[in-house]
Amino acid sequence: MNEYLLSVYIFIGLFIIVYLVDYFLINKRKLTLIKNKGITKKGKKKKIKNISEVDYLTAKFKLKENNLNLDSMIIVISLINAFIISLVSSIVMLLPFAIMWQLIIAFALLFGLIYSLYEIYGRHLKHKEERK
């Protein structure tokens, strides 16, 4: 029982850390550059970096980018990324296999979760767009 409790603590800790890093240090910076059209606070022009998850969802589900609420999207994207990373890490740490098998299982879990969760979120956005 002790291993499972440790795994839950690791899941919660990783989830919080990955969410905060992904939201504030990665996606929030890109979003402010997109909103400011590449101009920083000091007035310098920077190259605008798109958020790749948003680009993927708009291309795959043919969403109109001007109808999307990017603020709420990056919150959900950060939550999805944090959930995927922390769940895969927690499950792999519980497995009593050799490191090679753990990596193979983690790789399969990672791709399965990425595809399924972004597919569900993309369908949700498409349904929301069609209702409007």
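The largest cavity in this predicted model encloses about 50 Å³ of space, and the structure holds one cavity of 30 Å³ or more. Its lining is made up of Ile 34, Asn 50, Ile 51, Val 54, Asp 55, Glu 65 and Leu 70, a set that divides by class into four nonpolar residues, one polar residue and two charged ones.

Turning from the cavity to the pockets, the second largest pocket contains about 180 Å³ of space. Around this pocket lie Lys 64, Asn 67, Leu 68, Asn 69, Ser 72, Met 73, Tyr 121, Leu 125, Lys 128, Glu 129 and Lys 132, of which four are nonpolar, three polar and four charged. Helix H3, spanning residues 70-94, and helix H4, spanning 99-131, each supply at least two residues of this lining, and the largest share, four residues, comes from H4.

Helix H4 also packs against helix H2, which covers residues 52-61, at an angle of about 65° and with the two axes 10 Å apart; the crossing of these helices is right-handed. On the H2 side the contact is made by Glu 53, Tyr 56, Leu 57, Lys 60 and Phe 61, while H4 contributes Tyr 115, Tyr 118, Glu 119, Tyr 121, Gly 122, Arg 123, Leu 125 and Lys 126. Taken by class, the residues of this contact comprise seven nonpolar, one polar and five charged. Tyr 121 and Leu 125 link the two descriptions, since they belong to the H4 side of the contact with H2 and also appear in the lining of the second largest pocket.

How values were computed. Residues are numbered from 1 along each chain as its sequence is written. This is a predicted model: local features need pLDDT of at least 70, side-chain atom pairs count only at pLDDT 80 or more; totals for chains, interfaces and linings use all residues. Side-chain values use heavy atoms; hydrogens and water are left out. On a 1 Å grid over the protein atoms alone, a cavity is a set of points where a 1.4 Å probe fits but cannot get out, and a pocket is an open set with protein on both sides within 12 Å along at least five of seven lines; lining residues have an atom within 4 Å of a point. Grid points are joined across faces, edges and corners, and a volume is the space filled by probe spheres set on the points. Ala, Val, Leu, Ile, Met, Phe, Trp, Tyr, Cys and Pro count as nonpolar, Asp, Glu, Lys and Arg as charged, and the others, Gly among them, as polar. Axes are lines fitted to C-alpha atoms, for helices over the stretch in contact, and angles run from 0 to 180 degrees between N-to-C directions. A crossing is left-handed if the near helix is turned anticlockwise from the far one by less than a right angle, and right-handed if clockwise. Contact means heavy atoms within 4.5 Å.
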